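Work through the short exercises below. Each solution goes step by step.

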Amino acid sequence: MMKTPAFAAASAKSPLGPYSIERREPGPRDVLIDILYCGICHSDIHQARGEWRGSIFPMVPGHEIVGKVVAAGNQVGKWKVGDTVGVGCFVDSCRECEACREGEEQFCEPGMSLTYNSYERDGKTPTYGGYSTRITVNEDYVLRIPAGLPLERVAPLLCAGITTYSPMRRHGVKDGDSIAVVGLGGLGHMGVKIAKAMGAKVTVLSHSPGKRDDALALGADGFIPTRDEKVFRENARRFHFILDTVSATHDYNAYLGLLRRGGTMVLVGIPDPTPLSAAPLVMQRRNLAGSLIGGIRETQEMLDFCAGHGVVSDVEVIPIQKVNEAYDRVIKSDVRYRFVIDLASLKQP
Ligand code: NAP
Ligand code: ZN
Ligand code: ZN
C-alpha cells in the first residue's frame with residue numbers, strides 16, 4: 001500500500017481537511033496515476049454534506065480527474081508510463097451484467113464502484129476520489145485525454161461534459177433545434193458549449209440575472225431570467241429539448257410548459273423531491289426523462305468530440321486549501337463556471 005495525501009470530510013457536518021489514505025500498489029491490470037487536476041462537482045457537495053442517502057465517511061470526493069500514468073501493471077495493454085489520462089465518476093463495475101456488456105457501466109446491475117463514496121468490487125474497500133495526489137485504477141476504466149488541450153480545463157469534461165453530452169446525443173439534439181439549458185453552473189455551461197457544437201440554437205434559463213453576458217459569451221443565442229414568472233407564459237411551447245441541470249428544488253411543471261408538442265425535458269440535476277403534474281405532459285404529449293453520466297465508451301467519444309470542436313470548461317483553478325470556500329461559492333451559484341483543484345498544492349510539503 002502507498003500512503004497518499006488527500007483532503008477528506010470526516011462527517012456531513014465537518015469541513016474538508018488534510019487526511020492520509022492508502023492507495024493499492026498497481027496490480028497486473030492497474031495503472032497508477034499522478035493526479036494533476038480535479039474538478040469540483042456539485043455532487044461532491046451533496047455527498048460530502050450528506051444530502052443524499054448513504055454517505056460513507058471519511059470521504060475524499062472528486063470525480064473529474066486528469067493526470068499522468070506513472071506506473072502500469074505487467075498486463076496493462078492500453079496505457080504506458082507518461083500517458084495523459086482521465087478518470088470520471090466510476091472506477092469499476094461487474095463487467096458481466098447487461099448494462100456493462102452494452103458499455104453503460106453507469107447502470108451496472110449489482111452497482112458500479114463509484115470513484116468515491118463507494119466500495120471496490122470486494123464490497124468492503126472504500127473508494128477515495130481525486131482530492132488526493134494519486135489513484136490506482138483498472139486500465140479499462142481510464143480515459144484517453146486528447147493531445148493539445150489545457151488539462152485544467154479538460155478535467156470537468158469527465159463529469160460535467162459527459163453528463164450533458166450523453167442526453168443530448170441520446171435524444172438526438174441536432175443542427176437547428178431550439179434547446180434550453182436550465183441553470184448556468186458547471187453542468188449548464190458545458191451543456192451550452194456542447195449543444196452549440198452540435199449545431200443547436202441554445203437559450204439559457206437562469207435564476208441569476210447577472211449571468212446574461214456570460215451566457216452569451218459562452219455561445220448561447222438567448223438568455224431568459226426565470227425569477228420573473230411571466231417568462232413562462234411568454235416562452236410557452238418554444239423548445240424542442242430542455243436540459244435541466246439545477247441542483248436545488250424548483251417547479252418542473254413550469255419548465256415543461258416551455259416544451260413544444262412532443263418535446264423532451266431531461267433532468268440531470270438531483271435536488272430534493274418536488275411534485276409533478278400530469279397535465280403539462282399529457283396535453284402536448286411531452287416527455288420527461290433523466291440521465292446519469294455516461295459509460296466509458298461514450299465518455300471517450302465525448303472527449304474526442306470536445307477536442308474536435310475545441311470545447312473545454314471555463315475554470316477557476318484553486319489550491320486544495322480553498323476547497324471549503326469553493327463549496328460555499330458553488331452553493332451560492334457563484335462559480336464561473338467550474339472550480340478545479342491544482343493538486344500541486346497538496347504535493348508541496
Ligand atoms: P452547479 O455548478 O452548482 O450548478 C447548478 C446551477 O443550478 C447553478 O449554477 C444555478 O444556475 C442553478 N441553481 C442553483 N440553485 C438554484 C435555485 N435555488 N433555484 C434555481 N436555480 C438554482 O452544479 P453542477 O455541478 O452543475 O451540478 C448540478 C446538479 O447536477 C447537481 O444536483 C449535481 O449533483 C447533479 N449532477 C448530476 C449528474 C448526473 O449524472 N445526472 C452528474 C453530475 C452532477 P443559475 O444561477 O444559472 O440559475
Ligand atoms: Zn459530477
Ligand atoms: Zn455490471
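**Exercise 1.** Locate Asn117 and find whether Asn117 is buried or exposed.

*Solution.* Asn117 sits in the loop between strand E7 (113-114) and strand E8 (134-138). Helices (H or I, at least four residues) and strands (E, at least two) are DSSP runs, numbered from the N terminus. Next, take the backbone: phi of Asn117 is near 55°, a positive value in a residue other than glycine. Most residues other than glycine have a negative phi. Finally, Asn117 has 11% relative accessibility, so Asn117 counts as buried. Buried means under 20% relative accessible area, exposed over 50%, partly exposed in between (1.4 Å probe, protein chains only).

This is a predicted model: local features need pLDDT of at least 70, side-chain atom pairs count only at pLDDT 80 or more, and totals for chains, interfaces and linings use all residues. Residues are numbered from 1 along each chain as its sequence is written, chains are lettered from A and ligands numbered from 1 in the order in which they are written, and side-chain values use heavy atoms, with hydrogens and water left out.

**Exercise 2.** Do the same for Arg95.

*Solution.* Arg95 lies in the loop between strand E6 (90-92) and helix H2 (98-101). Phi of Arg95 is near 70°, again positive in a residue other than glycine. At 33% relative accessibility, Arg95 counts as partly exposed.

**Exercise 3.** Find the cis peptide bonds that join Phe57 to Pro58 and Arg336 to Tyr337, and place them.

*Solution.* For Phe57 and Pro58, omega is about -5°. Pro58 is in the loop between H1 and E4. For Arg336 and Tyr337, omega is about -15°. Tyr337 belongs to the loop between helix H11 (323-331) and strand E17 (338-342).
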